[in-house]
Each structure stands twice: as C-alpha cells, then as structure tokens.
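Student: I have a new model on my screen and would like to learn how to read it feature by feature. Could you walk me through it?
Tutor: Gladly. Let us look at it together.

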Amino acid sequence: MKNREEKTNAIRLLEQKKLLFRLHDYSQSGAVSGPEVAEYLNENPDRVFKTLVTVGKSAGHYVFLVPVNRELDLKKAAKAVNEKSIEMIKAKELLPLTGYIHGGCSPVGMKKFFPTIIDAGAECFEEIFFSGGRIGLQIEMSLSELQKVITFRLADISSGASAPPIS
C-alpha cells in the first residue's frame, strides 16, 4: 500500500497486531465474482472465501465465510449459531452495520465484532484468502494468524460444488 488513505480497517488492524499476511490487489483485473477472483489469483476457489453477513430470528448478526464457489447453507448456518433461522441482511444495511460495502466486506475490522463461522473446508489449507476490506483487494493468511485478531469457529456451513483438493 502506497499511502495511508489506501489502507482499509482490516489492513490497519492486521498491521497493528503485527500479523503475518499477504495482500493481493486484483483491482485492475476486471474480476467481479468470487470464482473470477480465484481464477485471476490462480488459486483453488475452495481456498478463496467470501464474507457473508446474516441476521438470525433473534435479531443477532452473524458473519460466515464460505468458499467463493459454494453457497451458504442457511439451515446449516442457523444450526451452527443456535438460531431457528437466519437470512442474509439487505445490501443497504451492510455499510452502516459493518463499515464495509457489498463486495468488499472483510471479517476483520468491522465496526463491531459479530460471531464468525468459517466453513470447515478452510482447515484443508495452510492459508486462505478473504476480502481486504475493499473491492479489488484480498488478504491471504493462515487461520492461526487470523485467530489472533478475530474469534471464529469452523463448521460445515456450505453447499454446492467443490473443487478437488490441490496439494
């Protein structure tokens, strides 16, 4: 990052805690969807995660990270956070709630901490990718480093096609 204005809350927080991570800028790529981002980065889409923010029947908010080529299974997700049901929040609610916009929402550096669940498939990889806090920026880091800045649990929360593991 060249100057302070370009740093997102996520990057500032990771640097403040002196954590190990790598930034990947894909802003010039034209990639929009998660699978396009994974392809541009030449990475297994099971290793590149999207950040989804939901609201439960209790009105509590939850953050879920699932691979970009899979979907959040709302029933599995609700069970993982002990809710009767959950649903995605409306796009217009995302910025005031988290400080991030749709397509650039990072699990790190939100305005407030929300219970966070990462799809269990993440533990198959030494490092995963997730949003750096703006469209066009991905952070790559290990789960052990990520756990030093946010509290999360792993659970089976996704459905859909999965790529074969790459060793």
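Student: Let me start with β8: are its two faces covered or open?
Tutor: Keep in mind that this is a predicted model. To read a strand's faces, sort its residues by side and ask whether each one is buried, that is, under 20% relative accessible area. In β8, one side carries Leu 137, Ile 139 and Met 141, the other carries Gln 138 and Glu 140, and all of these are buried. Counted along the strand, five of its five residues are buried.

Student: Which strands pair with β8, and in what sense?
Tutor: For pairing, look at the bridges and the direction of the strands. Strand β1, residues 22–25, runs antiparallel to β8 and is joined to it by four bridges. There, Arg 22 has Glu 140 as its bridge partner. β7 also pairs with β8 over four bridges, again in the antiparallel sense, and here Ser 131 is matched with Gln 138.

Student: What should I look for in the turn between β7 and β8?
Tutor: In a hairpin, check the backbone angles of the connecting residues. This hairpin has five residues between its strands, and Gly 133 takes a positive phi near 105 degrees. Ile 135 lies in the same loop, between β7 (128–131) and β8 (137–141).

Student: Is Ile 135 buried, partly exposed or exposed?
Tutor: Ile 135 counts as partly exposed because its relative accessibility is 47%, and that class lies between 20% and 50%. Together with Leu 95 and Ile 101, Ile 135 makes a nonpolar surface patch of about 270 Å².

Student: Now for charges. Which salt bridges involve Arg 47?
Tutor: For a salt bridge, find the side-chain nitrogen and the carboxyl oxygen and check the distance, with 4 Å as the cut-off. Arg 47 meets Glu 43 at 2.5 Å, N to O, and Glu 140 at 2.6 Å, N to O. The pair of Glu 140 and Arg 47 links distant parts of the chain: Glu 140 sits in strand β8 and Arg 47 in the loop between α2 (34–40) and β2 (49–56), 93 residues apart.

Student: How covered are these three residues?
Tutor: Both Glu 140 and Arg 47 are buried; for Arg 47 the relative accessibility is 13%. Glu 43 is partly exposed, because its relative accessible area is 23%.

Student: What does Lys 50 pair with, and where do the partners lie?
Tutor: Lys 50 forms a salt bridge with Glu 71, with the closest N and O atoms 3.8 Å apart. Lys 50 is in strand β2 and Glu 71 in strand β4 (residues 71–72), so this salt bridge ties together parts that are 21 residues apart in sequence. Lys 50 counts as partly exposed, at 22% relative accessibility.

Student: Which residues are joined into a network by shared partners?
Tutor: Treat each salt bridge as an edge in a graph and follow the shared nodes. Here Arg 22, Glu 43, Arg 47, Glu 127 and Glu 140 are joined into one network. Across the whole structure, a search finds ten salt bridges.

Student: In what order do the strands of the five-stranded sheet lie?
Tutor: Read a sheet from edge to edge. This open sheet has the order β5-β2-β3-β6-β9, with mixed pairing. Its edge strands, each pairing on one side only, are β5 (86–88) and β9 (152–155). The twist averages 35 degrees from one strand to the next. As a parallel example, four bridges join β6 (residues 116–119) to β9, with Asp 119 opposite Ala 155.

Student: And the interior: which residues touch the most other members of the largest nonpolar core?
Tutor: In soluble globular proteins, nonpolar side chains tend to be buried together. The largest nonpolar core here has 27 residues, and Val 108, Ile 118, Phe 130 and Leu 146 touch the most other members. The elements giving two or more residues to this core are α1 (9–16), β2, β3 (61–67), β7, β8 and α5 (143–146). β2 gives the most, with three residues.

Student: How far apart are Thr 8 and Gly 109 in sequence and in space?
Tutor: Compare the two separations side by side. Thr 8 and Gly 109 are 101 residues apart in sequence and 8.2 Å apart in space, C-alpha to C-alpha. Thr 8 is in the segment before α1 and is buried, with a relative accessible area of 9%.

Conventions:
Residues are numbered from 1 along each chain as its sequence is written. This is a predicted model: local features need pLDDT of at least 70, side-chain atom pairs count only at pLDDT 80 or more; totals for chains, interfaces and linings use all residues. Side-chain values use heavy atoms; hydrogens and water are left out. Patches are made of residues with over 30% relative accessible area and no salt bridge: like charges are joined within 9 Å, nonpolar side chains (Val, Leu, Ile, Met, Phe, Trp, Tyr) within 5 Å. Accessible areas come from the Shrake-Rupley method with a 1.4 Å probe; for residues, only the protein chains shown count as cover. Buried means under 20% relative accessible area, exposed over 50%, partly exposed in between (1.4 Å probe, protein chains only). Two strands pair if DSSP finds at least two bridges between them. Axes are lines fitted to C-alpha atoms, for helices over the stretch in contact, and angles run from 0 to 180 degrees between N-to-C directions. A nonpolar core is a set of buried Ala, Val, Leu, Ile, Met, Phe, Trp, Tyr and Cys residues joined through side-chain atoms within 4.5 Å.
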